[in-house]
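User: I want to go through this structure and see what lies behind the terms used for it. Please set each term against its cut-off.

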Amino acid sequence: MKIPFNVDANTARLIGRENVSKLDGAILELVKNAYDADANTCILYYEKSTNMFYLIDNGSGMTSETIHSNWMTIGYSSKKENYKLHSGRIQTGAKGIGRFALDRIADNCKMLSKTKTESVLWSVNWSDFNSGTKITDVGADFEITNIDFCNYTNEILNNDLKSLIKAKCHDSGTIFKLQNLRDTWTTTLIEDIKKSLATLIPPEIDNIFQLYVFSENSKLEESKITVNSNDYSYDYKIDFNVDESGNTRILIKRDEFDFGNKFNEVVREPYFTSKDAEYFKGKPIEKNYVFNEILSDIDINTIGPFKGTLYFAKLSNTKDEKEKYFYKDISSRRDTRDTFGGIKIYRDNFRVRPYGEPKTTTFDWLLLSNRKSKSPAAISHPTGAWRVAADQMLGAVHISRLNINLPDQSNREGIVETKEFAYFREFLIFVIQEIEKDRQYVCRILRQYYDDTHPIEIYEDEINEKSANNKSNNKGQQKKTLIDAKKAKAVIDTKQEQIKDLEDENRLLRTLATTGIVTNSYIHEIKDVVHKLNIKILTAQQALEKGKSEEHIKQKLEEALDLQKKFNSWFTVTIEMVKRDKRKMTYIPMKKLFEDFIESWQEVLSEKNVQISLNVVETNFKCFPYDIESIISNLITNSINSFEYAAIKNKTININLTQENNELRLLYEDNGKGLSEKYKKNPNLILEPFETSKRDANSNLIGTGMGMWIVNKTVKEYYGDVDLSQNKERETGFIVNINLKGVFK
Amino acid sequence: MCEYNIGYIDDDSSAFKDYAELLENYVTLKLVENCSTKQDVYNWILENKIECFIADFKLSDQYTFNGTELLEFLNKKLPDLVCIILTNYPCDSISENLVSSILIKDRSILSSVEGLTTFGEELKQATKVFNKRLVNIENDFNILLVKKREKTITTNEEESLLNLYSVLKAYNRMDDLPSEIFKSEISDKIDKILELATQCVSLEKKKND
């Protein structure tokens with residue numbers, strides 16, 4: 001005996017939700033369904049007064065049979081096997097989950113679907129798909145009806161929309177009425193949806209698929225989604241038109257580059273012409289050809305008139321390329337290749353399958369990938385020809401019944417491979433070459449501009465190249481590998497500058513790490529202060545509400561202010577160190593720096609009952625203030641941690657700073673627990689990264705082990721050293737001698 | 001003052017007054033004072049008729065034990081008393097595995113009106129649980145008392161009887177009972193043996209005389 005499986009209704013719903021999680025995704029899914037249903041009009045309508053959403057299309061509609069056998073079977077898609085419609089349009093989806101987009105939008109869904117033979121009403125409450133119910137136990141209401149589209153939408157308040165439905169929806173189509181919407185439909189949301197659809201649907205399908213987004217008061221004109229607008233993001237656009245005699249007009253539009261405020265600096269002689277400047281600003285490049293200039297030896301246009309629009313659109317570019325070629329930002333460009341990609345053919349606005357169909361072998365029917373693999377040159381290659389990749393091109397070529405030499409195959413599965421069809425393909429390749437030539441022209445110049453403005457990279461390349469040659473060549477040819485000293489010097493200078501930048505960055509990162517260490521060390525205290533501050537404020541608020549005495553409330557607020565002061569003192573020791581003025585190397589009066597810095601610690605130290613004795617020489621030392629502060633912060637933090645471990649009554653830190661010749665000598669000691677046994681024999685081990693003996697209450701190691709490593713690294717920057725040898729003899733307490741070399745004033 | 005008595009121990013008592021004020025509509029919060037050992041804290045709990053107990057995790061500034069260790073001790077002595085850890089660092093307390101994480105609360109719960117309401121109600125409910133369980137303790141005590149009177153009580157049960165009595169007495173559930181009741185069966189037997197031994201010794205003495 002076999003036992004059948006079943007599925008929890010909610011699981012089916014979740015699968016749908018997985019695929020359609022966002023509102024704009026759900027809307028696009030339904031619009032695609034309308035496109036797949038062969039509609040030439042698709043209308044979205046949100047009615048504020050009733051909080052209802054309508055989705056209307058004049059596609060082929062569904063019969064009761066289709067609804068029973070296809071629509072009601074989750075995961076079933078007729079598009080898997082039968083992806084061509086009567087019109088020849090190729091359907092875009094194939095997963096059979098598009099209907100769950102309705103669930104994403106609203107809880108209640110009613111549908112009127114009309115074919116040439118019958119009309120059906122169908123409705124479902126998605127909340128019926130709850131956990132615990134088997135999918136086979138969930139039903140949708142279904143009935144055959146006589147109602148027509150106009151009557152079904154009679155309650156709609158927008159008259160323009162009613163007129164449009166009357167004009168466009170006759171014989172077939174589908175209307176969804178969605179209630180209990182899951183989102184709050186604001187004007188902004190509707191505008192966002194309009195914008196999103198305008199950027200997602202390529203302009204080339206505008207003639208065959210018109211999309212409207214209505215709201216309650218919107219007029220017809222403003223509701224139409226103008227997909228031909230500039231919203232569609234591309235890099236190059238090329239329009240071409242061939243008349244009966246073969247005269248060809250090509251318009252190329254560059255929209256790939258963004259020079260920002262460098263426009264006048266880059267787009268100028270000797271790099272670009274004044275005409276180029278106009279082209280970059282949006283003027284199309286116009287080219288006119290007679291037929292045999294395009295197809296050699298073919299004098300007469302036997303294909304007939306045709307036209308089209310093609311787009312070149314990259315999907316990514318590297319930071320390096322963006323800098324070199326001034327590519328505009330395309331980070332927000334969405335990948336819609338699976339739906340709208342490919343170069344498609346339309347005959348009298350109806351799709352001729354299967355050309356340009358995504359994810360099929362006929363997607364690249366112009367064999368652009370072959371061209372690319374034969375000539376893989378980079379865009380800036382001085383001699384090689386750059387070619388577009390197949391997935392970077394999309395667009396539409398429009399032919400008509402008048403193109404008799406491009407006849408449909410008898411099985412309606414494409415165009416007969418006549419010699420005219422071969423010419424036709426050759427022609428399109430020529431058009432694509434126009435984009436390639438122009439783009440390569442621009443990019444070669446931009447590469448030249450980059451090389452001119454970045455000579456060091458060229459020199460570096462030369463050095464690397466000659467070094468490589470030197471290894472492979474014999475000694476007799478060594479002369480050829482000599483480097484001009486000036487060039488080498490320029491490269492070295494640049495590299496040194498880069499090293500200095502990296503050193504500065506490193507220094508800043510060390511200081512930030514110290515900030516992190518200090519913050520991490522005192523995070524318990526900081527959290528405690530924040531908590532107490534919150535409690536004080538809440539107590540004051542409640543006291544106020546309970547009508548307690550003014551004096552009581554005032555006392556609570558004063559205590560809150562004290563806590564705030566304490567809180568600020570933590571911030572001072574943790575954050576202040578990285579202030580901009582502390583990141584400049586200059587002559588710093590050491591006494592003042594130490595006094596001010598210890599003062600900022602004072603509040604924190606007195607909280608911990610730690611006394612600091614400071615004895616600092618009056619001298620001006622050239623340094624980054626935050627380096628010195630970083631050293632002291634790390635040492636103090638270690639001392640405070642050490643005091644926590646030992647029950648010491650008089651917690652003391654002594655800081656003694658003297659100057660000897662060109663050296664600054666810091667003697668730092670505390671009377672804390674001292675180094676742990678692990679480090680007593682070899683104290684220098686604590687200068688290694690990740691060395692720590694700090695443990696939490698559960699004896700877990702919790703120190704970062706970076707503090708003394710940072711101290712040592714910073715000291716090394718001043719050609720100094722860290723002497724920990726005296727700790728070997730000490731039973732308790734910590735002592736370190738630090739020398740910093742430098743310039744004094 | 002609310003009728004629900006909550007004990008609170010913290011080595012830093014600076015927030016105590018605020019906690020007590022914030023929770024005053026729900027419970028009466030009492031601060032543990034003058035205790036140095038865990039047993040001291042237990043005694044303090046009984047003396048103050050505490051019905052629910054809150055401890056900070058880190059008590060090291062004043063005590064030789066931390067909050068979770070104290071709660072472990074209290075749970076053994078007074079299993080029916082709900083004991084809660086209130087800390088800024090719940091993770092540290094949880095990682096010790098001495099107190100169930102359900103009973104470890106982040107102090108931030110007291111930083112909002114909503115949290116305060118929830119926590120106050122939870123404390124109230126905990127005291128109700130304790131008081132209801134005191135009835136059960138009373139029943140257990142009576143069973144053991146009967147055994148005691150019937151002289152069928154074991155040594156462990158006798159010890160338990162004394163513990164239960166001290167708890168019930170502390171929470172005014174029991175009047176003073178005659179001290180005879182609590183005289184151990186064992187000590188009775190030892191007394192009898194000693195009496196016999198004394199008699200034997202005196203008899204022997206007489207013989208020798």
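User: What makes the crossing of helix 5 of chain B and helix 6 of chain B left-handed or right-handed?

Analyst: This is a predicted model. In it, helix 5 of chain B passes helix 6 of chain B in a left-handed crossing. The term applies because the near helix is turned anticlockwise from the far one by less than a right angle.

User: Why are helix 5 of chain B and helix 6 of chain B called oblique to each other?

Analyst: The axes of helix 5 (residues 113-150) and helix 6 (residues 155-170) of chain B cross at roughly 135° and come within 9 Å. Angles over 145 degrees count as roughly antiparallel and 65 to 115 as roughly perpendicular. The value fits neither range, and the two helices are therefore oblique to each other.

User: Which residues of helix 5 of chain B and helix 6 of chain B meet?

Analyst: From helix 5 of chain B, they include Ile137(B), Phe141(B), Leu144(B) and Lys148(B). Their partners in helix 6 of chain B include Glu157(B), Ser160(B), Leu164(B) and Leu168(B). Sorted by class, this contact has nine nonpolar, one polar and five charged residues. Leu and Phe count as nonpolar, Lys and Glu as charged, and Ser, outside both lists, as polar.

User: How is chain B built along its sequence?

Analyst: The pattern of chain B reads β-α-β-α-β-α-β-α-β-α-α-α, with seven helices and five strands.

User: What share of chain B is buried, and what makes a residue buried?

Analyst: Of its 209 residues, 32% count as buried in chain B. A residue earns the term if 20 or more other C-beta atoms lie within 10 Å of its own. In chain A, buried residues make up 34% of 745.

User: How many helices and strands does chain A have?

Analyst: Chain A comes to 24 helices and 21 strands. Of its contacts with a separation of 6 or more, 70% are between residues 24 or more positions apart.

User: How do you know which part of chain A has pLDDT below 50?

Analyst: The mean pLDDT of chain A is 83, with 88% of residues at 70 or more. Over residues 78-95 of chain A, however, the value is below 50, although this stretch has 42 contacts in the model beyond near neighbours in sequence.

User: How many residues does each chain give to the contact?

Analyst: Chain A gives 14 residues and chain B gives 16. On the chain A side, three are nonpolar, six polar and five charged.

Definitions and conventions:
Residues are numbered from 1 along each chain as its sequence is written. Chains are lettered from A and ligands numbered from 1 in the order in which they are written. This is a predicted model: local features need pLDDT of at least 70, side-chain atom pairs count only at pLDDT 80 or more; totals for chains, interfaces and linings use all residues. Two residues are in contact if their C-beta atoms, placed from the backbone, lie within 7 Å. Axes are lines fitted to C-alpha atoms, for helices over the stretch in contact, and angles run from 0 to 180 degrees between N-to-C directions. Helices (H or I, at least four residues) and strands (E, at least two) are DSSP runs, numbered from the N terminus. Angles under 35 degrees count as roughly parallel, over 145 as roughly antiparallel, 65 to 115 as roughly perpendicular and the rest as oblique. pLDDT is the predictor's confidence in each residue, from 0 to 100. A residue is buried if 20 or more other C-beta atoms lie within 10 Å of its own, exposed if 12 or fewer, and partly exposed in between; C-beta atoms are placed from the backbone.
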